[in-house]
Amino acid sequence: MSHQSDLISTDINAYLAQHERKELLRFLTCGNVDDGKSTLIGRLLHDSKMIYEDQLAAVQADSVKSGTTGAGKIDLALLVDGLQAEREQGITIDVAYRYFSTSTRKFIIADTPGHEQYTRNMATGASTCDLAVILIDARYGVQTQTKRHSFIASLLGLKHIIVAINKMDLVGYSEETYRKIQDDYLAFIKTLDLHDVHFIPMSALDGDNVVNPSENMPWFTGMPMMELLNSIEIASDHNFDDARFPVQYVNRPNLDFRGFCGTVASGVFKKGDQITALPSGKTSKIKSIVTFDGELDEAFAAMAVTLTLEDEIDVSRGDIILGKQQAAPSIADKFKATIVWMTEQAMVPGRQYVIKLATRSVSGSVSMIHHRIDVNTLEHHDAMELKLNEIGSCTVAVNAPVVFDPYKRNKTTGSFIVIDRLTNVTVGAGMITGDASAEDWSPVSAAERAIRFSQTASIIALSGANAQQVAYQLERKLFDTGHATTVLEQANNALATAIKNAGLLCLCLDEKPASADLSFDCDQYNVDDIYVALKNRDVIR
């Protein structure tokens, strides 16, 4: 089953050309803790002759010290669990990638953690995959983690699922146990968008139905996992109907050449095709499709190319070039999305982030959280924020119109990441579900203003001989620390209330304004004293 070929010794160039033309399948393994994900990958690599001798020798040595399979047995999970903490605890913490090939396909495997606190790692690993292998321990059946990972696989648009019912050796290779788990899983996924589901009973430790058919389960007539991975159809998964080309870079090496570089997100582009650049709406035709190896007549999804146009129209990085399409994309500054939150600091509506969608980066925020999704039960709960590893349905507002499609139609133009503006760290990932509806345009609340300005809107009365000087010094200090404030020199309760309703801090030069929330005598308190007092009373944050 390995990629070994006689061409390696006779014609290396022909072998490399053959290897280059192989179809690539990306898949991940997921499931509960100790279901055998890393062992399964190790078995796949071992039985398909994909392990170098020195690697195998190192794993054999480590099996004596860190193995969990007992005396005399090699622990194949150590091929994947490379972190010291993973080997000490016998668990997977980070996403580990492994590569191998057969005579027909190349594979990239993502081994993802089973623990709940690493949900974000599982979502990261699944985001680029075509297929998910969900392991279930035959002794325990469908567990909470099984449901969580199946939901995330559905959320991220994975079209193919292999349910590997592992450790069948520990239940006596019982067909009854296998059938019950199969029925339980099918009952759970009725509400999920999962259709191409395959079941395989196996023992990853002993190799039953991994690469070779199992002699211990003659009642199973399906294909072993390696054969299924080689034959499952993925070519039709790509969207070849809607041509989308996000512009990554404008290449202008001389006066005679202007090319637009990027990767085709979906569809097919051909020389002479009519195109439209969004968001400008300008049109032209494709003059040439340029690559390092020369010009092409057409380019399709996942190909990195440079397009030149017949007309000198304005196209910039972040724009999207459209070709022939069955469904037009949306252009808006607001959309609905499902967001996976990936950092300790909770996401709250109104806080500003950088939203990166395809090649376009814009400032924006989550304007509303419709509900949080319990990934264990699929129930919806009201939420004011999203914490680490939580998933919610939200409305996202950006500061400039962006071009997008629903994620289920186009993964590239339907997904985005959320970046912290100060640290430049990716803090969330989102899948667009559609346009924002009319009911999302709700009035701005006091709570939303408080989050946006990091303060509780208040009228602050300042009195004393130094009141005016202190007021403007305090305004400067508050402004420099990111707060929204203004000074009101003449008493006017109606105006002060309007300023407060706008979410601002109103510094009012009046001894006793009727609407004051706080009062300070500037003959007793200086600027720093008042600033600290506002901090202690949670007026500013």
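Which side chain meets Arg-244 in a salt bridge? Asp-405 does, at 2.9 Å from N to O; a salt bridge here is a side-chain nitrogen of Lys or Arg within 4 Å of a carboxyl oxygen of Asp or Glu. Before going on, note that this is a predicted model, where local features need pLDDT of at least 70, side-chain atom pairs count only at pLDDT 80 or more, and totals for chains, interfaces and linings use all residues. Residues are numbered from 1 along each chain as its sequence is written, and side-chain values use heavy atoms, with hydrogens and water left out.

Back to that pair. Arg-244 sits in strand 7 and Asp-405 in the loop between strand 21 and strand 22, 161 residues apart, so the bridge links distant parts of the chain. Helices (H or I, at least four residues) and strands (E, at least two) are DSSP runs, numbered from the N terminus. Arg-244 is buried at 1% relative accessible area, and Asp-405 is buried at 2%. Buried means under 20%, exposed over 50%, and partly exposed in between, with a 1.4 Å probe and protein chains only.

Asp-242 and Arg-409 also form a salt bridge, at 2.5 Å from N to O. Their positions are 167 residues apart. Here Asp-242 is buried, at 1%, whereas Arg-409 is partly exposed, at 33%.

Now for the open sheet. Six strands run in the order 2-3-1-4-5-6 with mixed pairing, where two strands pair if DSSP finds at least two bridges between them. Strand 2 (96–101) and strand 6 (196–201) are the edges, each pairing on one side only. Strand 1 (residues 23–31) and strand 3 (residues 105–111) are parallel partners over seven bridges, and Leu-28 stands opposite Ala-110 in strand 3.

Strand 4 brings us to another charged pair: Asp-137 in strand 4 and Lys-167 in the loop between strand 5 (160–166) and helix 8 (175–188). Their side chains meet at 3.6 Å, N to O, and both residues are buried. Arg-139 joins them in a network of salt bridges.

Finally, take a look at helix 11, residues 467–480. Ala-467, Val-470, Ala-471, Leu-474 and Leu-478 are buried there. Seen down the axis, the buried residues fall within an arc of 100° (taken from the directions from the helix axis to the C-beta atoms), so they line one face of the helix. The face turned away from that buried side carries exposed Phe-479 and Asp-480. After helix 11 comes Gly-482, with a positive phi near 90°.

Definitions and conventions
The expected span of a helix is 1.5 Å times one less than its number of residues.
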